[in-house]
Amino acid sequence: MELAKPAHLFDRTWEWQALASFAARSGPRAKLGVVSGRRRQGKSFLLQALAEETGGLYFQATEAAEAESLRQFTEALTRHSRQVIDPPFRDWNDAVRYLFSQYTDEPTLVVIDEFPFLTRLSPSLPSIIQRELGPGGSGQHSAVRLILCGSAMSVMGGLLAGRAPLRGRAGLELVLQPFPYPEAADFWGIDDPHLAMKVHMVVGGTPAYRHEFVDGDVPAGPDDFDSWITRTALNPASPLFREARYLLAEETDIREPAIYHSALAAIAFGHTTNGAIANYLGRKSDQVTHPLTVLEDSALIAKEPDLFRDGRFSYRITEPLITFYEAIMRRRWADLELRRADAVWNSARSTFRTQVAGPHFEALCRFYATLHGTELFGEPTEIGSGSVNDPAGKSQLQIDVGALAMPSPDGRRRIASLGEATWGETMTLHHLERLERAAALLAARKFDTRDTILACYSAAGFDENLRERAARDPRVRLIGAADLYREPQATGNGG
């Protein structure tokens, strides 16, 4: 029987089903699951609800010495099992062995949240769990369904990687992501697509920001956005004000924040390749490789391939609030602490449009294409961005939303779509001509562009000439702001 999701949980239907299925999984041996995700995504909220619904044990570790953590776990286990533990556990060897031996009948969920707090002072704990799950261990005749959860992405990602002790042991590996932008709009209760996107450009899809960080303060309408920014993200009395700094400080592998903030600032200001970031920092390329790898392991940035140039990559900040902080707040921190939010925001609006809104809108369009690629382009195999060299123009043409499909029968890489996205600029035939030029250049490089859809994404709309061209050319698609929040039609144009 399927375990119903509690009414107080917004969305997360797929995640709930995956967790509930794991908790009820049959079989004579203990099973291991790993749940991770950046802070504020609702992992603890979700797992606490699951433990309550299944009658399981939920234990949240704290930053404490090993002996105190062991006592806290003992107390939680005693309350749940109603069995006095005597003698007390000497170490985690005793605790893990007892845990698996205690529950042997019906599948019993056990959640250990904030697991990295425990491994920091007890680094052998994953090995102990691995041993007890293995042949001859206490987990062989146990009904425990153990979930290890944490927010330190580098630590949690390392639990199952490479030669880590628990590699190959997990029957569930779930990364809880922020709400996708359409669900985020519903969560914030915002119907206007432009306003929903602008709010998303600041707080993304992180659930905790709405109720815990801004106390339910939602812009009353498009005209209230500027005021909302100054009373929340730019307000020293708001928890949101320092959150971007805390997100970086919470990652255990980041020991020198200055270099990491500078790398993030470089990306926020459009320096997205390894070489460009190094140049911005005044360092050699090999000197920024480690900081970028740490940021990537921490899920604060993503490394994305250029669709049309093999071996070339660019970096993107995954947390919108960090982009907003680096582009808008960091350089004016002293003024903001002196409560000059209005003056700072008035001078930063153009930067917001170019460095925050523009790139974020492009990312939303790529996500839209990922969600609806089949309806839009006919089953693309890869969505991303890329650049095309234009030797005649001595320039590069940037493709904001590209889609590749299965190779043609003759083996050529087939391009399902080439797209350009603009946030504050009305699109014209000039934008379409750039896409046509890019398609011609790629065709000369042996790409198959015979059926390529040329997609124009704009939050500011399209001029009449472009609309007329799209109306008579089925290869041209116009996708406006409102279209990003509704299911696309298989044919036809939006706007």
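**View 1. Antiparallel pairing of β9 with its neighbours in the predicted model.** Two strands are taken to pair if DSSP finds at least two bridges between them, and in this predicted model the strands β9 and β10, which run antiparallel, are joined by 5 bridges. Within that pairing, Val401 has Gly419 of β10 as its bridge partner. On β8, which runs antiparallel to β9 and is joined to it by 8 bridges, Gly384 has Gly402 of β9 as its bridge partner. The hairpin of β8 and β9 has 4 residues between the strands, and in this hairpin Lys394 takes a positive phi near 50 degrees. Because 8 of the 11 residues of β9 are buried, this strand is largely enclosed by the rest of the structure.

**View 2. The mixed sheet that contains β9, with the helices packed on it.** The sheet is open and consists of 5 strands, arranged in the order β8-β9-β10-β11-β12 with mixed pairing. Its edge strands, each of which pairs on one side only, are β8 (382-390) and β12 (476-480), and the twist from one strand to the next averages 30 degrees. A parallel pairing is found between strand β10 (residues 414-422) and strand β11 (residues 453-458), where the two are linked over 6 bridges, and here Glu420 stands opposite Cys456 in β11. Helix α18 packs on the sheet with contacts to β8, β9 (395-405), β10, β11 and β12, and its direction makes about 140 degrees with that of β11. Helix α19 (residues 429-444) also packs on the sheet, touching β8, β9, β10, β11 and β12, with a direction that makes about 150 degrees with that of β10.

**View 3. The largest nonpolar core and the surroundings of Val202.** In soluble globular proteins, nonpolar side chains tend to be buried together. The largest nonpolar core of this model holds 84 residues, of which Trp188, Val202, Phe324, Phe352, Phe361 and Tyr457 touch the most other members. Helix α18 (residues 341-377) gives the most to this core, contributing 14 residues. When residues up to four places away in sequence are not counted, Val202 touches Phe225, Trp228, Ile229, Ala233, Pro320, Leu321, Phe324 and Phe352. Apart from the largest core lies another one, of 34 residues, whose members include Ala61, Phe100, Tyr103 and Leu148.

**View 4. Packing of helices α8 and α9.** Helix α8 (residues 181-188) packs against helix α9 (residues 193-203) at an angle of about 100 degrees, and the axes of the two helices are 10 Å apart. With this angle, α8 counts as roughly perpendicular to α9. On the side of α8 the contact is made by Tyr181, Ala184, Ala185 and Trp188, and on the side of α9 by Ala196, Val199, His200 and Val203.

**View 5. The parallel sheet and the helices that lie across its strands.** A further open sheet of 5 strands, with parallel pairing, has the order β2-β3-β4-β1-β5. Strands β2 (57-60) and β5 (170-175) are its edge strands, each pairing on one side only, and neighbouring strands of this sheet are turned by 15 degrees against each other on average, direction ignored. Between β2 and strand β3 (residues 108-113) the parallel pairing extends over 4 bridges, and the bridge partner of Tyr58 in β3 is Val111. Helix α1 lies across β1 (31-36), β3, β4 (144-150) and β5, and runs at about 160 degrees to β5. Helix α3 (residues 66-81), for its part, lies across β2 and β3, running at about 160 degrees to β2.

**View 6. Helix α1 against helix α2, with Gln17.** Helix α1 (residues 13-23) and helix α2 (residues 43-54) pack with their axes 11 Å apart and at an angle of about 45 degrees, which means that α1 is oblique to α2. The crossing in which α1 passes α2 is right-handed. Their contact involves Glu15, Trp16, Leu19, Ala20 and Ala23 of α1, together with Leu46, Leu47, Ala49, Leu50, Glu53 and Thr54 of α2. Gln17 also lies in helix α1, and this residue counts as partly exposed because its relative accessibility is 38%. Although Gln17 and Glu2 are 15 residues apart in sequence, their C-alpha atoms are 8.1 Å apart in space.

Key
Residues are numbered from 1 along each chain as its sequence is written. This is a predicted model: local features need pLDDT of at least 70, side-chain atom pairs count only at pLDDT 80 or more; totals for chains, interfaces and linings use all residues. Side-chain values use heavy atoms; hydrogens and water are left out. A nonpolar core is a set of buried Ala, Val, Leu, Ile, Met, Phe, Trp, Tyr and Cys residues joined through side-chain atoms within 4.5 Å. Buried means under 20% relative accessible area, exposed over 50%, partly exposed in between (1.4 Å probe, protein chains only). Contact means heavy atoms within 4.5 Å. Axes are lines fitted to C-alpha atoms, for helices over the stretch in contact, and angles run from 0 to 180 degrees between N-to-C directions. Angles under 35 degrees count as roughly parallel, over 145 as roughly antiparallel, 65 to 115 as roughly perpendicular and the rest as oblique. A crossing is left-handed if the near helix is turned anticlockwise from the far one by less than a right angle, and right-handed if clockwise.
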